[in-house]
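Colleague: Please take a close look at how the helices of this model pack, and at a few loop residues beside them. I would like one connected account.

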Amino acid sequence: MKQFTKKLGKGLIVSFVLLNVVVLFHAYKFTHFYDPGEIVVKKQADKTAWDISREILTGANFAKQPNPEPDSTFRVTYLTSNDGLKLEAWERTVPGARGTVAIFHGHGSKKSSMLEEAAVFSALQYNTLLLDFRAHGGSGGNTCTIGFYEAEDIKLAYDHIAAKGEKNIILFGASLGAATITKAIFDYSLAPAKVILDMPFASLSDAVKGRLKIMNVPEEPLGTLLTFWGGTTHGFWAFNHNPYEYARAIKCPVLLQRGRNDARVTQSETEKIFRNIVSAKKLVIYENSAHESLCKKETAKWTNEITSFLQQ
């Protein structure tokens, strides 16, 4: 009996260690973006059984998505973070501007993915600034912390706009961009005129579980382990990275939006954030959208909601 107990104990320890090794690989891959050309990232349809098995064990590779050359209406600007990273932004001005909208993309995306949204703001006579987060698009770095250190990127964009004398600054973000806006306001006491949040996650734990859900793998204990190692390896306690708590610091009007069919960010997460917003607020649900660009999916409704919110 004692030998069986010892073997069982050793087996459990070995299993626990191996599980954590696998989770560490996944945490690294999820928060690391390779430079273009550094690795080959296959499309899902092109992956072999070995590719899929390897991803299950070590995680999927992510490469930075390069932006196309901006058209002549944009001016390229570089902002520098405290740790020396160069962040690439595109700026567009319009005659008789009513203010400036700073636009922030989602995890693994790039600023050019937000051009349709930027066009709507330009048509409403707002200047726009589109920023690549660190480790994304044309910006420096390879580490993404799912909004923790990226909050500084938003502050840099905000300060850059404010330095020009702009008083009417609107912050707009989708998914990671939206969640990071809440942290930037909380960390740096930013005072935008208005905030638009499309599909923010309520907490990093929720974001991890949402990703596991769409991968069709168990949310626990993997979710807890991924959250722990994802934060620990980058020097922060990930269980305290909670946009729903940061939202209490927002003092300006907020437009919060989500797709009804969003499998990654749940309705309860959105409602949790909404309840904690103490300023004037509006929640809009897009009946035909999932976790995707609400602007592209339901253009007319998104444009109408944005127009109404900005005109209030």
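Modeller: What follows goes through one helix and its buried face, then three helix pairs and two loop positions.

The model is a predicted one. Helix H9 covers residues 267-276, and its buried residues are Glu269, Thr270, Ile273 and Asn276. Seen down the axis of H9, these buried residues fall within an arc of 130°, so they line one face of the helix. What does that face pack against? The buried residues of H9 pack against two helices, H6 (204-214) and H8 (243-246), and against two strands, E7 (254-259) and E8 (281-286).

Two of these partners lead on to other parts of the model. H6 also pairs with H7: the axes of H6 and H7 come within 9 Å and cross at roughly 125°. That angle makes H6 oblique to H7, because angles over 115 and up to 145 degrees are neither roughly perpendicular nor roughly antiparallel. The crossing in which H6 passes H7 is right-handed. On the H6 side the contact is made by Leu204, Ser205, Val208, Lys209 and Leu212, and on the H7 side by Leu222, Gly223, Leu226 and Thr227. By class, the residues of the contact of H6 with H7 are five nonpolar, three polar and one charged.

The other partner, H8, is reached from H7 through a loop, and asparagine 242 lies in that loop between helix H7 (222-232) and H8. Is asparagine 242 buried or exposed? Its relative accessibility is 7%, so asparagine 242 counts as buried, the cut-off for buried being under 20%. Leaving aside residues up to four places away in sequence, asparagine 242 touches Ala202, Ser203 and Leu204. Leu204 is also one of the H6 residues in the contact with H7.

A second helix pair is H4 and H5. The axes of H4 and helix H5 (residues 176-188) come within 8 Å and cross at roughly 75°, which means that H4 is roughly perpendicular to H5. H4 contributes Ala151, Glu152, Ile154 and Lys155 to the contact, while H5 contributes Gly177, Thr180, Ile181, Lys183, Ala184, Asp187 and Tyr188. Sorted by class, the contact of H4 with H5 has five nonpolar, two polar and four charged residues.

The loop between strand E4 (127-131) and helix H4 (151-162) holds glycine 140. With 22% relative accessibility, glycine 140 counts as partly exposed. Residues touched by glycine 140, not counting those up to four places away in sequence, are Lys64, Leu85, Lys86, Arg134 and Ala135. Glycine 140 and glutamate 88 are 52 residues apart in sequence, yet 8.1 Å apart in space, C-alpha to C-alpha.

The remaining pair is H3 with H11. Helix H3 (residues 115-123) and helix H11 (residues 299-311) have axes that come within 11 Å and cross at roughly 45°, which makes H3 oblique to H11. H3 passes H11 in a right-handed crossing. The contact is made by Glu117, Val120 and Phe121 of H3 together with Trp302, Thr303, Ile306 and Leu310 of H11. Those residues of the contact of H3 with H11 divide into five nonpolar, one polar and one charged.

Notes: Residues are numbered from 1 along each chain as its sequence is written. This is a predicted model: local features need pLDDT of at least 70, side-chain atom pairs count only at pLDDT 80 or more; totals for chains, interfaces and linings use all residues. Side-chain values use heavy atoms; hydrogens and water are left out. Buried means under 20% relative accessible area, exposed over 50%, partly exposed in between (1.4 Å probe, protein chains only). Helices (H or I, at least four residues) and strands (E, at least two) are DSSP runs, numbered from the N terminus. The arc is that of the directions from the helix axis to the C-beta atoms. Contact means heavy atoms within 4.5 Å. Axes are lines fitted to C-alpha atoms, for helices over the stretch in contact, and angles run from 0 to 180 degrees between N-to-C directions. Angles under 35 degrees count as roughly parallel, over 145 as roughly antiparallel, 65 to 115 as roughly perpendicular and the rest as oblique. A crossing is left-handed if the near helix is turned anticlockwise from the far one by less than a right angle, and right-handed if clockwise. Ala, Val, Leu, Ile, Met, Phe, Trp, Tyr, Cys and Pro count as nonpolar, Asp, Glu, Lys and Arg as charged, and the others, Gly among them, as polar.
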